[in-house]
Amino acid sequence: MQRSVEILEVGPRDGLQNEPGVVPTATKVDFIQRAVAAGIRRLEVASFVNPKRVPQMADAEDVLKALPRREGVHYVGLVLNRKGFDRAAAAGCTEIGMAVVASDTFNQRNQGVSTRESIDAWLDIAAAAHAAGIRAQVTVSAAFGCPFEGEIAPERVVEVAVACAQGQPHEVAIADTIGVGVPSQVTDLVARLKAALPGMPLRGHFHNTRNTGLANAYAAVEAGVGVLDASIGGIGGCPFAPAATGNIPTEDLVYMLRRMGVETGVDLERLIATARWLQDQLGRNVPGLLVKAGSFPAQPAVAA
Ligand code: MG
């Protein structure tokens, strides 16, 4: 088992994007700074997409403008095309993430183009990012199943990942976008990716939609995945299961890893305090469990 795992906090983007009401810019900035204070060093803070389609992210530039630049902290902007990349670069993102969906139908619905066209857009973006000194990574979405096409063959995921790897990404991620994957699939897919892309750093993005998110994260770590996406409080839904639980909760994940002896560099008590703060901001309970149960062994509560 690896001794350390890096956390990419996706709550401020993937998490908040599913909130029904528009969250004030100042609250988003506060959220991000609390996560940084807890020790998170990579955060997906905004998406640079059409604000008419995603009103929650219309303030992407304002969020970036308000964030203090800190050595070693990467503010990640999600982009889906070149226009989005140009906005993220101008806003000062030090890292961008691009999503390419393994299924053509889902890619077409989400991004308005085919998977192949998104791969080509990614290769163009990756070259521009390298030239600008911006870190660039790519996620293969719906890698464990598609709401339109059903099962996705692992060979297809590997084919898309290999095509994307030509852009020399910082890492390749596999995302269980609709939360249907199980641990044996993770083990199998990671083995296939390692064989096809030796030396390529891998990241996992799992959802608790069907309560398999944390088990999938465990399988990923055991298989050698070095980076995991998670959201504080477990906020964020699945766009095709409106009532479903979202991303794996960062504090639940950090609890598991810490007790296993896997270091994340994140302060668990501060994470829990931040999840509780987030509940107050959203005016409802978040799906995470540590926020209710607390840590073990019991620790004195800290301010978020
Ligand atoms: Mg997600």
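Is Q168 buried or exposed? Read on to Figure 5 for the answer.

The model shown here is predicted, so to speak of local features a pLDDT of at least 70 is needed, side-chain atom pairs count only at pLDDT 80 or more, and totals for chains, interfaces and linings use all residues. Residues are numbered from 1 along each chain as its sequence is written, and side-chain values use heavy atoms, with hydrogens and water left out.**Figure 1. The whole chain, before we zoom in.** There are 12 helices and eight strands in the chain. Helices here are DSSP runs of H or I with at least four residues, strands are runs of E with at least two, and both are numbered from the N terminus. Along its principal axes, the C-alpha trace spans about 50 × 40 × 35 Å. A compact globule of 304 residues would have a radius of gyration near 19 Å, and the chain has 18 Å, which agrees. That radius is taken over C-alpha atoms, and the globule rule is 2.2 Å times the number of residues to the power 0.38. Of the 304 residues, 56% count as buried. Buried means under 20% relative accessible area, exposed means over 50%, and partly exposed is in between (1.4 Å probe, protein chains only).

**Figure 2. Contacts, surface and charges of the chain.** A contact means heavy atoms within 4.5 Å. Among contacts with a separation of 6 or more, 73% come from residues 24 or more positions apart. The accessible surface comes to about 12,200 Å², and carbon and sulfur atoms own 53% of that. These areas come from the Shrake-Rupley method with a 1.4 Å probe, and for residues only the protein chains shown count as cover. As for charge, the chain carries 28 positive and 31 negative side chains, with the centres of the two sets 3 Å apart. Lys and Arg count as positive and Asp and Glu as negative, while His and the chain ends are not counted. Each charge is placed at NZ of Lys, CZ of Arg, CG of Asp or CD of Glu.

**Figure 3. Strands β5, β6 and β7 side by side.** Two strands pair if DSSP finds at least two bridges between them. Strand β6 (residues 172-175) runs parallel to β7 (residues 202-205), and four bridges join them. Look for A173, whose bridge partner in β7 is R203. Strand β5 (residues 135-141) also pairs with β6 in the parallel sense, over three bridges. Here V140 stands opposite I174 of β6.

**Figure 4. Which way do the side chains of β6 and β7 point?** In a regular strand the side chains alternate between the two faces of the sheet. From β6, V172 and I174 point one way while A173 and A175 point the other way, and all are buried. In β7, L202 and G204 go one way, R203 and H205 go the other, and all of these are buried too.

**Figure 5. Two loop residues with positive phi, A142 and Q168**. A142 sits in the loop between β5 and α7 (154-165). Its phi is near 55°, a positive value in a residue other than glycine. A142 counts as buried because its relative accessibility is 0%. Now hop to Q168, in the loop between α7 and β6. Q168 is not a glycine, yet its phi is positive, at about 50°. And here's the answer to the opening question: Q168 is exposed, because its relative accessible area is 60%.

**Figure 6. C164 and its neighbours in helix α7**. At 0% relative accessibility, C164 counts as buried. Leaving aside residues up to four places away in sequence, C164 touches V100, I119, W122, L123, V138 and P169. C164 and V101 are 63 residues apart in sequence, and their C-alpha atoms are 11 Å apart in space.

**Figure 7. D59 in the loop between β2 (42-48) and α3 (60-66)**. With a relative accessible area of 11%, D59 is buried. Who does D59 touch, not counting residues up to four places away in sequence? The list is V23, T25 and K28.

**Figure 8. V291 in helix α12, and a cis bond in the segment after α12**. V291 belongs to helix α12 (residues 290-293). V291 is buried because its relative accessible area is 6%. Its contacts, not counting residues up to four places away in sequence, are E251, I272, A275, R276, Q279 and V286. V291 and L271 are 20 residues apart in sequence and 9.0 Å apart in space, C-alpha to C-alpha. In the segment after α12 you'll find P297. The peptide bond from F296 to P297 is cis, with omega near -10°.
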